[in-house]
Amino acid sequence: GDTGADAVLGLLRAAVAAGFSNAILTQFSLAVCALVGRLKSWPMIALVPTLRGALDGSPVLLELLTLLPEEIGSNHLALGSDLLDEVREQLCSSAAPAVVELCLGTLGAADGGAAALRCLAAWAKGSILPWPTLAPAMDASIAATRAATELAPLQAGCDLLVAAAEADWE
């Protein structure tokens, strides 16, 4: 059956199609993040394919995935520590490989891969991207950073390197 999360995702897809402003898209994205964290609306293994199915080709997809690690841990989502640990564990084991795959596929994008690098950095910073999962993407990420001719991908690549260096790799 259709869940509340599917309904919000439908609204987000409609907002993207209608060309709504980034501020509105961000609010919808935050709502999806909240539903992922609080209700565990989809099995985590299906998270990226579900979002991809709804938003494929839209920059909102990477934006939403970039917001997710921060939102999951934010105070206003107020997940109890047990639930937070469980959600992080599931993101780490089930969703992270698909996130890396998605980001790798968009590193050569028109924005110089900035969105993909930002997303990888957010997941590494949030300690939900295990090193064995991230490691295969590092060569391409460093190459994209090195090839950057604009500030955004350069900054994002540097953020990823810092996050990777500081992450608590267990």
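This passage describes the nonpolar core, one helix pair and one partly exposed leucine of a predicted model. Residues are numbered from 1 along each chain as its sequence is written. Because the model is predicted, local features need pLDDT of at least 70 and side-chain atom pairs count only at pLDDT 80 or more, whereas totals for chains, interfaces and linings use all residues; side-chain values use heavy atoms, with hydrogens and water left out.

The largest nonpolar core (buried Ala, Val, Leu, Ile, Met, Phe, Trp, Tyr and Cys residues joined through side-chain atoms within 4.5 Å; buried means under 20% relative accessible area, with a 1.4 Å probe and protein chains only) comprises 54 residues, and those with the most contacts inside it are Leu-65, Leu-91, Trp-123 and Leu-134. Two or more residues each come from H1, H2 (22-39), H3 (44-55), H4 (59-73), H5, H6 (114-125), H7 and H8 (151-166), these helices being DSSP runs of H or I with at least four residues, numbered from the N terminus. The greatest share, 10 residues, is given by H5.

The axes of H5 (residues 81-106) and H7 (residues 131-147), lines fitted to C-alpha atoms over the stretch in contact, come within 9 Å and cross at roughly 10°; H5 and H7 are therefore roughly parallel, a term for angles under 35 degrees. Their contact (heavy atoms within 4.5 Å) is made by Ala-96, Pro-97, Val-100 and Leu-104 of H5 and by Thr-133, Leu-134, Ala-137 and Ala-140 of H7.

Leu-11, located in H1 (residues 4-17), is partly exposed at 46% relative accessible area, a class spanning 20% to 50%.

Note on methods:
Axes fitted to C-alpha atoms, helices over the stretch in contact; angles between N-to-C directions. Parallel < 35°, antiparallel > 145°, perpendicular 65-115°, else oblique.
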